[in-house]
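Hi everyone, thanks for making time for this. I'll put the sequence and the model up on the screen, and then we'll walk through it together.

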Amino acid sequence: MAIARRFKISHHEVFPHGAYIVSPVTAVLDFDQSTRDAKVQQTDKDTGELIWSIDVLDADPEAPKKSKTVSIKFLAKVQPVPPANDSTSPFTPVEFSGLTALAYIDDNGNRPRIAWSFRAESMHAPGKATPKASASGEGRAA
């Protein structure tokens, strides 16, 4: 059986009730290479591109507490730019294109649990298409 470790999944399968940005896009730090005085950004082992992350709120009312906030990672030479907030909410609605998922065991609690790592090619306002990579800094999947 040839099942890839990381598999493609649609935004609507992961976030059927929507997703909302709750953090800025930040550089993922390489803790092995960084020092107290010099922070080093993590790069993808295959492409050498920089890794960026954004946190989103899963709007599913039945999502467990530990799953309410989800980090989405991007590979990009420059910092990805999130969509503008055109809503009346303090949170910016967002959709992800080229989303992939990787299951792993999270053993940082009393009991190990299955958790998910997500990466996306790009992000955009709900219902609006976006190019896979653009000069605005949107990245591609890692």
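Let's begin right at Ser-71. If you skip its neighbours within four places in sequence, Ser-71 is in contact with Ser-53, Ile-54, Asp-55 and Phe-118. You'll find Ser-71 in strand β5. So is Ser-71 buried, exposed or something in between? It's partly exposed, because its relative accessible area is 35%, and the window for that label runs from 20% to 50%. There's also a long step along the chain to point out here: Ser-71 and Trp-116 are 45 residues apart in the chain, yet their C-alpha atoms are separated by 9.4 Å.

I should say early on that this is a predicted model, so please keep that in mind as we go.

Okay, stepping back to the whole chain. How many helices and strands does the protein chain have? One helix and nine strands. Reading from the N terminus, the order goes β-α-β-β-β-β-β-β-β-β. The chain has 142 residues, and 35% of them are buried. Its accessible surface is about 9200 Å², with 53% of that belonging to carbon and sulfur atoms. And if you take the contacts between residues at least 6 apart in sequence, 60% of them join residues at least 24 apart.

Now, the inside. In general, nonpolar side chains in soluble globular proteins tend to be buried together. Here, the largest nonpolar core has 19 residues, and the members touching the most other members are Phe-15, Ile-54, Val-56, Ile-72, Phe-74 and Phe-96. Where do core residues come from? Strands β2, β4, β5 and β6 each supply at least two, and β5 gives the most, with four residues.

Let me zoom in on Ile-54, which we already met as a contact of Ser-71. Leaving out residues up to four places away in sequence, Ile-54 has a list of contacts that includes Ile-21, Val-25, Val-70, Ile-72, Phe-74, Phe-96 and Met-123. Two prolines are on that list as well, Pro-24 and Pro-82.

Over to β6, where Thr-92 sits. Thr-92 counts as buried because its relative accessible area is 12%, and the cut-off is under 20%. Beyond its neighbours within four places in sequence, Thr-92 is in contact with Ala-19, Tyr-20, Ile-21, Pro-83, Ala-84 and Asn-85.

Tyr-20 comes up again with Ser-89, a residue in the loop between β5 and β6. Ser-89 and Tyr-20 are 69 residues apart in sequence, and C-alpha to C-alpha they're 9.6 Å apart in space. Ser-89 itself is partly exposed, at 28% relative accessible area.

Next up, charges. Which side chains meet in a salt bridge? Asp-106 and Arg-113, with 3.3 Å from N to O. The count for the model comes to one salt bridge, so that's the pair to look for. Asp-106 is buried, with a relative accessible area of 15%, whereas Arg-113 is partly exposed, at 28%.

Last stop, the empty space. The largest pocket has a volume of about 870 Å³, and 34 residues line it. Which of them lie nearest its centre? Those are Leu-102, Tyr-104, Trp-116, Ser-117 and Phe-118. You'll recognise Phe-118 as a contact of Ser-71, and Trp-116 as the far end of that 45-residue step.

As for elements, α1, β4, β5, β7 and β8 each give at least two residues to the lining. Strand β8, residues 113-119, gives the most, with seven residues. Strands β4 and β5 should sound familiar, since both are also among the strands supplying the core.

That's my tour, so let's open it up for discussion.

Notes: Residues numbered from 1 in each chain as written. Predicted model: local features only at pLDDT ≥ 70, side-chain atom pairs only at ≥ 80, totals over all residues. Heavy atoms only, no water. Core = buried A, V, L, I, M, F, W, Y, C linked by side-chain atoms within 4.5 Å. Buried < 20%, exposed > 50% of the residue type's maximum accessible area, 1.4 Å probe, protein only. Contact = heavy atoms within 4.5 Å. Areas by Shrake-Rupley, 256 points an atom, 1.4 Å probe, with all protein chains shown as cover. Salt bridge = Lys/Arg side-chain N within 4 Å of Asp/Glu carboxyl O. 1 Å grid on protein atoms, 1.4 Å probe; cavity = no way out; pocket = protein on both sides within 12 Å on 5 of 7 lines; lining within 4 Å. Points joined across faces, edges and corners; volume = space filled by probe spheres on them.
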